[in-house]
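Student: I've got a model open and I'd like to talk through how it's put together. Can we take it step by step?

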Amino acid sequence: MRRAVFLSILLVFLLAGTSWAVDYDDLFGGDLLVEVEEDAGALAPEEALLVQDRLAVGGSYSFNLQATRPFLDGKAGDTSLSGNLGTQVYLDARPDPNFRLFAKAGISYALSEKLTPPREEHLEVKLQELFADFNYDNKVFFRAGKQNVKWGVGYFFSPADIINIGRIDPLDPEAEREGPAALKIHYPKGSSNYYLYALFDDVKELQDLALAPKMEFVAGKTEFGLGAFYQRGKHPRLMATVSSSFGEVGFFGEAVLSFGSDRGFLEPKGPVYEVVQKDGLFVQATAGGMYRYQDRDGRLDLAATLQYYFNGEGYPDQEGIKKVRLALANQEWPPVLNYDKLGSLALMGSGRHYLAASLTWNRIFGSKLTASTLVLANLSDQWGLVSATLRLPSHGKFSPSVGIRSTFGAPGTEYGAAGRAVTVYAAVSVGGSF
Amino acid sequence: MKREALVITAVLLLLAVVPAVQAEDLSKMRAILEKIDAQSRFDGVDFSALLTMIVEDPEEGIEKLVVRQFRRDDGERYLLLIQEPVTQRGQGYLLEGDNLWFYDPSSRQFAHTSLKETFQDSDVRNADFGSSSYASSYEIEGYGEDVLGSFETYIMDLKAVDDTVPFPYARIWVTKDTNLVLKAEEYSLTRRLMRSALFPKYAKVGEAIIPVQMIFVDELVEGKKTQVTLSEISTAKIPDHVFTKAYLERVNR
């Protein structure tokens with residue numbers, strides 16, 4: 001009897017120690033094979049998904065509040081409070097499986113820079129997407145209107161994304177970017193895809209229409225993309241992308257060949273500079289990788305991304321552009337002969353070599369805390385930015401976080417005009433979908 | 001002397017016969033793996049179903065995912081479209097042979113991903129949505145017999161022969177009479193138990209026999225598991241255009 005009790009207690013402890021005790025007699029005690037009736041709905045599931053609710057309205061909302069305290073060259077500044085209200089609303093009309101109309105608008109309301117007393121209010125309403133989808137015999141697919149598109153495969157930098165209006169912000173690389181007004185023609189064939197974009201932004205005559213063909217194909221576990229951009233009066237471009245994975249690491253790369261540049265360039269003229277246009281070939285290339293590591297116990301869940309970017313339109317020598325930046329920052333005349341061309345200079349993105357890296361530790365040691373760091377550097381002028389964010393446990397739709405950001409680099413560098421700056425902040429955001 | 005000769009002869013005979021018997025049993029086990037793979041495939045027909053996933057996480061609570069699956073085993077294709085929850089609605093996966101893309105509707109971007117990755121932080125791997133490949137991806141290290149519930153089963157210890165499967169080692173329990181996998185334990189390179197999968201309900205759909213209820217248990221996080229149930233099953237022909245990036249873009253908001 002005592003032995004039976006001991007064995008029972010031991011069994012209870014053993015079961016309590018397992019992650020999930022299974023009653024196999026219960027689970028595998030009855031019939032293994034069950035009868036199922038095949039679904040014979042009025043509409044095939046692939047068609048039912050295309051019509052869905054026929055008319056749907058939805059969206060998302062967010063409210064962000066951030067308290068910031070800057071430290072410039074070691075001196076603390078005033079603490080400021082900024083806020084932003086935002087919402088996205090969409091309308092999706094699908095009268096039949098072969099046609100739909102989609103519209104999405106964003107409303108953004110920036111609260112005062114300093115809430116007490118209010119200084120500035122700003123409301124922005126923006127059409128983000130408005131397009132119609134139709135097709136020819138379910139073989140060729142058309143999307144006409146303003147639409148979000150994605151050409152490149154890069155994460156922090158994407159020079160191959162040559163048709164979008166919005167550019168990637170390396171500090172917020174997953175943010176939605178503004179797309180062009182275009183007619184997209186898409187012909188999928190096997191695992192390959194062929195696209196032709198006709199782009200209408202700023203087009204006043206038919207001859208000014210921009211054309212951008214692209215194809216994607218796979219070889220083994222690697223996907224390649226080849227594309228081009230042509231518009232009268234603009235410099236033609238060719239692009240290539242590659243994305244693949246080796247083991248647990250995902251790799252991506254892009255290359256762009258531009259026949260001339262839309263930018264103006266500084267040329268030394270004695271002690272000053274002249275802004276000139278340059279012909280010839282310009283190469284931009286980027287490569288990077290992503291890796292995620294999860295340990296056996298769920299205590300180490302790390303995600304890392306690293307990317308290098310070579311910008312052939314950047315300056316090998318940064319001195320000229322530094323002087324121009326410094327003069328503009330100090331509200332002085334820049335050392336340039338032809339001021340009327342000053343606007344064509346690229347004050348940002350003027351470096352030749354860039355590097356970006358991020359490391360995120362999800363659920364630190366199994367907790368509800370997540371930490372992330374970002375390093376962004378212009379290697380050409382030794383400017384850089386380091387930021388670290390700690391996301392605190394969310395409570396429903398309420399997400400708090402704290403962080404610190406520091407820039408380094410000499411005055412006149414890409415983002416270092418004001419010298420070394422450190423900013424600490426605390427933020428809360430409330431958001432959701434409807 | 002005569003007796004010694006008899007013993008030596010018997011030992012030699014035994015040494016000759018045992019490997020032959022083992023080889024015969026191994027080939028029988030390999031044949032079972034081939035049958036498992038064959039009956040999990042939809043050859044010549046397409047397959048679609050609605051998958052309801054209940055993800056239980058001791059930290060995050062209980063989450064429900066509803067996923068529409070379209071599958072064509074000729075060409076190793078599938079398309080998965082998340083319908084619930086609303087925050088992930090429209091996210092999709094497109095498999096074509098060795099290539100798997102994840103589609104994010106908010107950025108309208110396709111990104112290459114891996115069959116080994118977990119599906120939406122559940123305990124299901126992207127590879128679990130296709131047909132099984134036990135015979136081609138594993139070799140048998142050992143085997144035995146066991147009883148699971150009211151079923152007599154073979155147990156097989158498997159070692160991956162390539163890196164196409166999420167786990168390098170597995171142990172499976174297969175019914176002796178119907179060649180159905182009731183349970184699978186999956187192990188890391190260091191032979192640590194990572195995940196257990198249970199398949200308590202099967203259904204004959206067309207010529208295939210597939211699990212319609214699956215339970216995946218995370219053996220690293222206590223209390224974390226995912227239950228998958230199939231409904232709205234159909235083997236009707238699926239148009240070719242469904243297995244394209246264009247379809248994922250059209251169906252999305």
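Tutor: Sure. Helices (H or I, at least four residues) and strands (E, at least two) are DSSP runs, numbered from the N terminus. Keep in mind that this is a predicted model.

Student: How many helices and strands are there in chain A?
Tutor: Going by those DSSP runs, we count each kind along chain A. The tally is 4 helices and 22 strands.

Student: What is the radius of gyration of chain A?
Tutor: For 434 residues the globule rule gives 22 Å, and chain A is well over that, so it is more spread out than a compact globule. Its C-alpha atoms fill a box of roughly 105 × 65 × 50 Å along the principal axes. The radius of gyration of chain A is 28 Å.

Student: Which strand gives the most to the largest nonpolar core?
Tutor: That core has 66 residues, and B:Val181 is one of those with the most contacts inside it. B:Val181 touches B:Ile36, B:Phe199 and others further off than four places in sequence. With 6 residues, the top contributor is chain B's strand S12 (residues 208-218).

Student: Is A:Gln382 buried, partly exposed or exposed?
Tutor: A:Gln382 sits in the loop between strands S19 (370-378) and S20 (383-391) of chain A, and its phi is positive, near 55 degrees, though it isn't a glycine. A residue needs 20 or more other C-beta atoms within 10 Å to be buried, and 12 or fewer to be exposed. A:Gln382 has 15, so it is partly exposed.

Note on methods
Residues numbered from 1 in each chain as written. Chains lettered and ligands numbered in written order. Predicted model: local features only at pLDDT ≥ 70, side-chain atom pairs only at ≥ 80, totals over all residues. Core = buried A, V, L, I, M, F, W, Y, C linked by C-beta atoms within 7 Å. Contact = placed C-beta atoms within 7 Å. Rg over C-alpha atoms; globule rule 2.2 N^0.38 Å.
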